Structure formats: structure tokens, C-alpha cells
Amino acid sequence: MMVDGRALAEKRIQELMRERTQFGPLELSLVVMHEDRVTRSFLKIKSRVAERLGVTVSYSSSVAEARGDGIVLQLPLPGGTDIDAARNAIPLEKDVDVLSDTAFRAFSEGRFPPPPVSRAMEYVLRMHRVDPAGKRVAIVGQGRLVGKPAAVLFERLGATVFSVAKGDDIAAVTENADIVVLGAGEPGLLTPNIIRTGAIILDAGTSESNGALVGDADPRCAEKASIYTPVPGGIGPIAVVEIFANLFELARRL
């Protein structure tokens, strides 16, 4: 089954609209240090969702200048920027992307909401009535946005997790996995011959190939998968909405 991420994102927006009535004015600060075509596209998407949820959007060029109730550090950053310093400058109570070490540690300990991409994966599974408990989950890629938080999330949900990095023998963990999570950023890395029939493919890997945005899975994997999230149009649209779910959750704590 091909997942329509845009339809699920719309459903999630409707859910959050009901939550929005619990709060007064809210502001999301987007810290933009570098702009290109892809970045501008992401910013427009976030701004559109914010408008629908009655959240004001402001822009700044540094975390120090950001004054919103939530702060998003728009990646990638310009070359030469100290990425660790920038993400760790985000105050815990405003870190809706869970980028700082403090926020990620709190998430790992169950004291902070999951990062938006992980929340989006969990939402896809919930909407398809899939319980990860007891399932084998292969995670390809160990980055801070996809792989590492997904490992924490699925372990917390009761799955057995196997994580590998790009360049490892990924077939060793994907061939028998019930769920495959992708976040390596390498087009076509996962091929149909290394997944089992009926596997769930959650592709959150993004890169460009011939000018187009693509995921880590060869699209032919969809023919064997029971659930398959395409790129674009799968996890991405839902993850944007989950930024605002985190914004609401953090606002509720104040």
C-alpha cells in the first residue's frame, strides 16, 4: 500500500486544529542561515501549515535572535558554520525539532516529545493499525534527524531494533525485517531483493537525483511492501505538521 502522506498530513492538521483552541497566541521562529530552492520550498510548506493552525511565523538569521515559542533551525547550514553550537543554542523549552543534545537526551529518557520525523513514522503506523511491539525493525542511517531518534522510538515501542550505517551490509538486517526505516540519504540504496514480501518501508531519506527529490528506496520496493512511504509525499508532509504537535505539547507544559 502506497501511503499518501499529504492526505495523512491533512488529517493530522484537522486533529491539531482541535488542540489549537487550548492556547493563546503562538509564534514559531524559523532560523534561516542559508537559502536555496529546496530550503525555500520547505519554508513555504511550514508557513502554510502555520497559517492554517493560527501560528505566527517569524524569521531570524541566528538562534540568539529567535523569539518565538518554538524555534526551528532550518538545515542545511552554510559551510563553516559550527552546527553543534547552533543546534545546542536552542533552549530546551523551545526545541520543537529536538535538535539540541539536551533535548535529545530528554527524549531518550522519555521526558520530551519525539522529533517530528519519528512522530510522523509513528503516526503512519497508527493510522494503518500497526503495532511495532515484537517486530524486527531495521534502521539504515544513524543521523540525528532520522536514524538515531527512530532507534530510540522503536525500542520504546517494544520492537527489536537493528541499526546500520550507510556503507554497512544493510541486507544483513533488512532481509528479515518487518519494518525498514531509511535515513541514509542515498538514492536507490534499498532494493527489492533485500526486503521480504510484506515488509513495511518507512523512507525518510532525502537526496537529489537528476534534479529531483528522491528517497533511499528503489521505487520497485513498493511492489513487495505492505506499506510504503514514497519520497516526496510520504513521511515529509506529516513531519512538518508534527513540528506543530511538538509546539503545542511544549506550550502545554509552560
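This passage describes an open sheet, a helix lying across it, and several loop residues with uncommon backbone geometry in a predicted model.

The sheet consists of three strands, which follow the order E2-E1-E3 and are paired in the parallel sense. The edge positions are taken by strand E2, covering residues 55–60, and by strand E3, covering residues 70–73; each of these has a single partner strand, so one side of E2 and one side of E3 remain without a neighbour in the sheet. From one strand to the next, the twist averages 25 degrees. The pairing between strand E1, which is formed by residues 26–31, and strand E2 is parallel and extends over six bridges. Within this pairing, Glu27 has Thr56 of strand E2 as its bridge partner. Helix H2, made up of residues 37–52, lies across the strands E1, E2 and E3, and the direction of this helix makes an angle of about 150 degrees with that of E2.

Two peptide bonds that precede a proline are cis in the model. One of them joins Leu75 and Pro76, with an omega of about 0 degrees, and Pro76 belongs to the loop that connects strand E3 with helix H3, the latter spanning residues 83–88. The other cis bond runs from Val231 to Pro232, where omega is near 0 degrees; Pro232 is placed in the loop between strand E10, at residues 227–229, and helix H8, at residues 235–253.

Positive phi values were also found in residues other than glycine. For Val98, phi is near 55 degrees, and this residue is not a glycine. Val98 sits in the loop that leads from helix H3 to helix H4, the latter comprising residues 101–108. The relative accessible area of Val98 is 1%, and because a value under 20% counts as buried, this residue is assigned to the buried class. Arg129 likewise is not a glycine and has a positive phi, in this case of about 55 degrees. The loop that holds Arg129 lies between helix H5, at residues 116–127, and strand E4, at residues 136–140. With a relative accessibility of 78%, Arg129 is classed as exposed, because the limit for that class is over 50%. Thus, of these two loop residues, Val98 is buried, whereas Arg129 is exposed.

Technical notes:
Residues numbered from 1 in each chain as written. Predicted model: local features only at pLDDT ≥ 70, side-chain atom pairs only at ≥ 80, totals over all residues. Heavy atoms only, no water. Pairing = 2+ DSSP bridges. Helix = DSSP H or I, 4+ residues; strand = E, 2+ residues; numbered from the N terminus. Axes fitted to C-alpha atoms, helices over the stretch in contact; angles between N-to-C directions. Contact = heavy atoms within 4.5 Å. Buried < 20%, exposed > 50% of the residue type's maximum accessible area, 1.4 Å probe, protein only.
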